[in-house]
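User: I'm new to this structure and would like a close look at one part of it, the place where the ligand sits. Could you walk me through it?

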Amino acid sequence: MQTIHFPPTRAAGLDRLTRFTPRMGRTYAAGRNSDPGPGKRTAVSELSPYVRHRLLTEAELIRAAVATHGAAGAEKFIQEVFWRTYWKGWLEMRPAIHDRYRAGLSAAMTAMQHDRSLARRVERACEGRSGIDGFDDWARELVETGYLHNHARMWFASIWIFTLRLPWELGADFFYRHLLDADPASNTLSWRWVAGLQTRGKTYLARRDNIRDHSYGRFDPEGLSGVALALDEPPPPPPLALLPLPAPDRRAPTGLLLHGDDVAGIGLAVAADIQALAGLVIEDGRVAAAQAWTAAALDNGMTEAGRSQGLTGTTLSVGEVVAWARQNRLTQIVTPEAPVGPVRAALTALTPVLSQAGVRLVPVRRPYDALCWPLATKGFFAFKERIPDLLPQVIQDGSPGSS
Ligand SMILES: Cc1cc2nc3c(=O)[nH]c(=O)nc-3n(C[C@H](O)[C@H](O)[C@H](O)COP(=O)(O)OP(=O)(O)OC[C@H]3O[C@@H](n4cnc5c(N)ncnc54)[C@H](O)[C@@H]3O)c2cc1C
């Protein structure tokens, strides 16, 4: 994978943000649905790897958009950033849906072991050898660059499910393993949305003329399915309330543990005396280049965080955290809260081990997440209605919600 287009640093993210900000208004609204291809995209930001790992925060993107275009002028861009937040909140309150996806993926992988024809079809799709114009190009682009345009993601997922009739979980896993912005919420729920599981019964059908028009004639795929019958499953569980988090002890000897879901802790108010800094690297099943990108972003994030704390960070695997805590005589480790996904799973498994060693692991929820996530109880339309109420708090530096 060539990740050169996305240098894994906050400085590169800020530079991209600055360069894209003038286009967050009319240019974005008019052009965001069309994909001229790699190296030619001017109407979308390609900021997702930075926001996903919080080298930049959602609030920083929204503030830049509003400051330059006003809330109305940048409405579409702001809404898209809030889609990311909405998906996060939705899954956070329904973690069982991620478990369901993981169980479906495991079943589909077992099915591939027994069904050679299925395994071959999946392999051909992932290697860009399906014979479908566009689809094959997107498969190769994803593997080569770790990024796909939003419309290409929608077309790809739709063709995977409704034309190639492959298990959606294997497609979501293919995306997850290669995307630099791979996100348990946005990825899983967007695939579910295309399949008709998320907005139950409502699918997304990729059409030849739509692909031709919005790829500027680059692709003209024949033989796409003309129907998209929604997949089915039991309804999702009702939303759970977000877990209340314990407050950090201000006087305890404290370490700050960053991780791939929040690599720099930008603007995070920890309210404790930080004496040691570390970054947790986990094995999450993604391809080596994607994991290396996250590790490099974490390294950069730790350097940024260390500068403000006067500390030098160290990189740790899960198995090394207890020793690090002992070495630094810590009784408390604060960490930015990791949403549903592999980092959360690793931290959950680590909590009792640390506790046995006399160390309390305290996740800290960002005010932005605490403000927005609880609103994701219904569909995006209901969430969107709340954006005008949310914006003043997100924009105003220092207010709850602004980090
Ligand atoms: C099948 C499928 C899988 C996806 N998987 C992921 C994923 O793993 N990780 C991920 O971050 N996004 C995912 N998306 C959402 C979206 O495609 C990407 O966030 C977007 O394309 C990133 O490119 P950009 O930064 O140029 O976006 P821009 O259009 O410039 O948007 C700015 C920011 O808004 C957010 N955003 C924009 N569109 C969406 C959207 N539809 N849903 C959620 N957030 C959005 C992103 O944070 C993005 O960086 C997926 C979409 C689909 C259809």
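How many Å lie between an oxygen atom of the ligand and an N or O atom in the side chain of Tyr 147?

Analyst: The separation is 2.8 Å. Please keep in mind that this is a predicted model, where local features need pLDDT of at least 70, side-chain atom pairs count only at pLDDT 80 or more, and totals for chains, interfaces and linings use all residues. Residues are numbered from 1 along each chain as its sequence is written, and side-chain values use heavy atoms, with hydrogens and water left out.

Tyr 147 has company: an N or O atom in the side chain of Asn 150 is 2.7 Å from an oxygen atom of the ligand. Asp 181 takes part through its backbone, with an N or O atom 2.8 Å from a nitrogen atom of the ligand. On its own the ligand has 810 Å² of accessible area (Shrake-Rupley method, 1.4 Å probe), and the protein covers 97% of that.

Stepping back, 26 residues surround the ligand (each with a heavy atom within 4 Å of it). Tyr 28, Ser 45 and Glu 46 are among the closest, along with Tyr 147 and Asn 150. By type, the shell has 14 nonpolar, six polar (Gly is counted here) and six charged residues (Asp, Glu, Lys or Arg).

Three helices (DSSP runs of H or I, at least four residues), α5 (75–92), α9 (150–163) and α11 (184–195), each supply at least two shell residues. The largest share, six residues, comes from α5.

Finally, the ligand lies between domain 1 (10–92 + 372–395) and domain 2 (95–214), because both give residues to its shell; the domain bounds come from an automatic or database assignment.

Terms used
A polar contact is a pair of N or O atoms within 3.5 Å; within protein, one must be able to donate a hydrogen and the other to accept it, and residues adjacent in sequence count only if both atoms are side-chain atoms.
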